[in-house]
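Me: Please take a close look at one part of this model and walk me through it slowly, since I am still learning to read such pictures.

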Amino acid sequence: MRVEQVRLRQVRMPLKSYFETSFGRQYDREFLIVEVRGEGLRGYGEVSTMAAPLYNEETTASAWVILEQNFIPQVLGRDFPHPHDLAAALQHFRRNHMAKAGLENAFWDLYARAQGQPLWAVLGGDPARKAVPVGISLGIQEHPETLLDQIAQALQRGYRRIKVKIRPGWDEPIIAAIRERFGDIPLMADANSAFTLADLDLLRRLDRHGLMMIEQPLAHDDIVDHARVQAELSTPICLDESIHSPEDARRALDLGSCRIINVKVGRVGGLSAVQALDRLARQRGVPLWCGGMLESGIGRAINLHLTTLPGFTLPGDTSPSDRYWERDIVSPPFTLNADGTITVPTGTGIGVDIDEEALDHYTVTAKDFAA
Ligand SMILES: O=C(O)CCC(=O)c1ccccc1C(=O)O
Ligand SMILES: [Mg+2]
């Protein structure tokens with residue numbers, strides 16, 4: 001399959017309500033959509049960067065430059081029999097994983113469409129997973145009552161687990177209040193690196209609440225201190241920010257830095273890396289789940305397909321479109337089934353139709369690259 005043309009778009013979508021984590025409050029999403037064309041077909045990928053380097057070091061602007069100057073010239077006009085071959089052609093470029101994943105995943109979509117297969121099938125997903133169980137990630141609020149109301153609503157809608165964001169000052173007492181009101185619900189907390197080894201006492205207090213896991217309590221670039229904390233806690237630590245590749249995951253598991261891994265396809269550099277992580281996790285008996293970056297319907301579709309890989313055994317952060325957007329860029333938008341699952345699209349490729357009008361509406365800039 002030859003990469004004949006690439007269209008890069010910078011997109012800005014306002015969130016229905018702000019999303020606050022330990023690193024800040026977001027009112028909208030600014031990211032890139034990559035469209036790859038070949039053999040009369042189009043494939044789509046999403047670059048899940050943020051406008052500022054708050055979650056990781058990439059930004060939407062840096063991803064644009066790297067794609068334009070390095071990644072797109074590397075693949076344009078070339079023929080790749082399989083997406084793994086395109087991934088291999090980008091492998092010598094260091095990091096910039098979200099930019100890389102946007103391009104590689106668009107080619108996966110194109111490849112799957114050319115094969116007449118859904119993305120999940122070419123990835124090696126489990127055909128029995130017609131729908132995947134999902135959870136919700138709830139941001140930091142002005143008042144604890146607001147969060148408790150949101151949890152009540154999420155449970156009523158059928159979400160399979162509740163994740164709440166924590167940071168110093170919005171931590172153990174919040175979890176205690178949730179346990180007090182809702183009892184033994186499937187509950188976890190995500191610190192987005194807001195704590196240090198000096199907070200070990202606080203982490204021990206959190207440990208008493210029987211959480212499913214504590215996500216990324218310590219620094220974004222650490223796997224050593226996390227191992228020390230994991231040795232002290234009975235609650236599994238889940239790493240997010242610290243895992244950039246299957247090799248990072250192997251090292252973290254060897255060190256005992258975590259017992260669960262949050263997989264974000266952008267953070268690890270594309271669907272080929274996700275397949276390798278899935279194999280590693282099954283060998284090691286480590287549960288995986290699909291993380292989220294407040295994706296549009298395109299990134300969301302990709303997340304649903306990859307969650308059919310057999311190592312993904314816990315509910316992910318893939319909520320339905322109306323949790324984030326007044327109008328999504330795919331049609332129909334994703335909805336939550338009453339049993340807390342989202343149905344995996346069945347069409348070829350990512351299996352969703354692009355709402356071109358909505359996509360154009362949200363597009364800030366676009367550029368075409370031809371072989
Ligand atoms: O609903 C989602 O997409 C998950 C949201 C989420 O938790 C998140 C959103 C932006 C940046 C980091 C994270 C995270 O998982 O740490
Ligand atoms: Mg996280």
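Reply: The axes of helix H1 and helix H2 come within 10 Å of each other and cross at roughly 140 degrees, where an axis is a line fitted to the C-alpha atoms of the stretch in contact and the angle, from 0 to 180 degrees, is taken between N-to-C directions. H1 and H2 are therefore oblique to each other, since under 35 degrees counts as roughly parallel, over 145 as roughly antiparallel, 65 to 115 as roughly perpendicular and the rest as oblique. This is a predicted model, in which local features need pLDDT of at least 70 and side-chain atom pairs count only at pLDDT 80 or more, while totals for chains, interfaces and linings use all residues. Residues are numbered from 1 along each chain as its sequence is written, and chains are lettered from A and ligands numbered from 1 in the order in which they are written. The helices (DSSP runs of H or I, at least four residues) and strands (runs of E, at least two) are numbered from the N terminus.

The two helices cross in a right-handed way, the near one being turned clockwise from the far one by less than a right angle. On the H1 side of this contact stand Phe-71, Gln-74 and Val-75, and on the H2 side Leu-86, Ala-89 and Leu-90 (C-beta atoms, placed from the backbone, within 7 Å). Sorted by class, the residues that join H1 to H2 are five nonpolar, one polar and no charged; Ala, Val, Leu, Ile, Met, Phe, Trp, Tyr, Cys and Pro count as nonpolar, Asp, Glu, Lys and Arg as charged, and the others, Gly among them, as polar.

If you now follow the chain onward, the loop between helix H2 (83-90) and H3 holds Asn-96, whose phi is near 50 degrees, a positive value in a residue other than glycine. Most residues other than glycine have a negative phi.

After this loop, H3 also meets H1: helix H1, which covers residues 60-75, packs against helix H3, residues 97-115, at an angle of about 45 degrees, and their axes are 10 Å apart. That angle makes H1 oblique to H3, and H1 passes H3 in a right-handed crossing. The contact brings Ala-63, Ile-66, Leu-67, Phe-71 and Val-75 of H1 against Met-98, Ala-99, Lys-100 and Leu-103 of H3. Here the classes are eight nonpolar, no polar and one charged. Looking back, Phe-71 and Val-75 belong to the H1 side of the contact with H2 and also to the H1 side of the contact with H3.

A further pair of helices is worth setting beside these. Helix H5 (residues 144-157) and helix H6 (residues 172-182) pack at an angle of about 45 degrees, and the distance between their axes is 11 Å. H5 is thereby oblique to H6, and the crossing of H5 and H6 is right-handed. In H5 the residues in contact are Pro-144, Leu-147, Leu-148, Ile-151 and Leu-155, and they meet Ile-174, Ala-177, Ile-178, Arg-181 and Phe-182 of H6. This contact divides into nine nonpolar, no polar and one charged residues.

Finally, one detail of the backbone lies away from these helices' contacts in your reading: Ser-331 and Pro-332 are joined by a cis peptide bond, with omega about -5 degrees. Pro-332 sits in the loop between strand S12 (330-331) and strand S13 (341-343). Most peptide bonds are trans.

Definitions and conventions: Contact = placed C-beta atoms within 7 Å.
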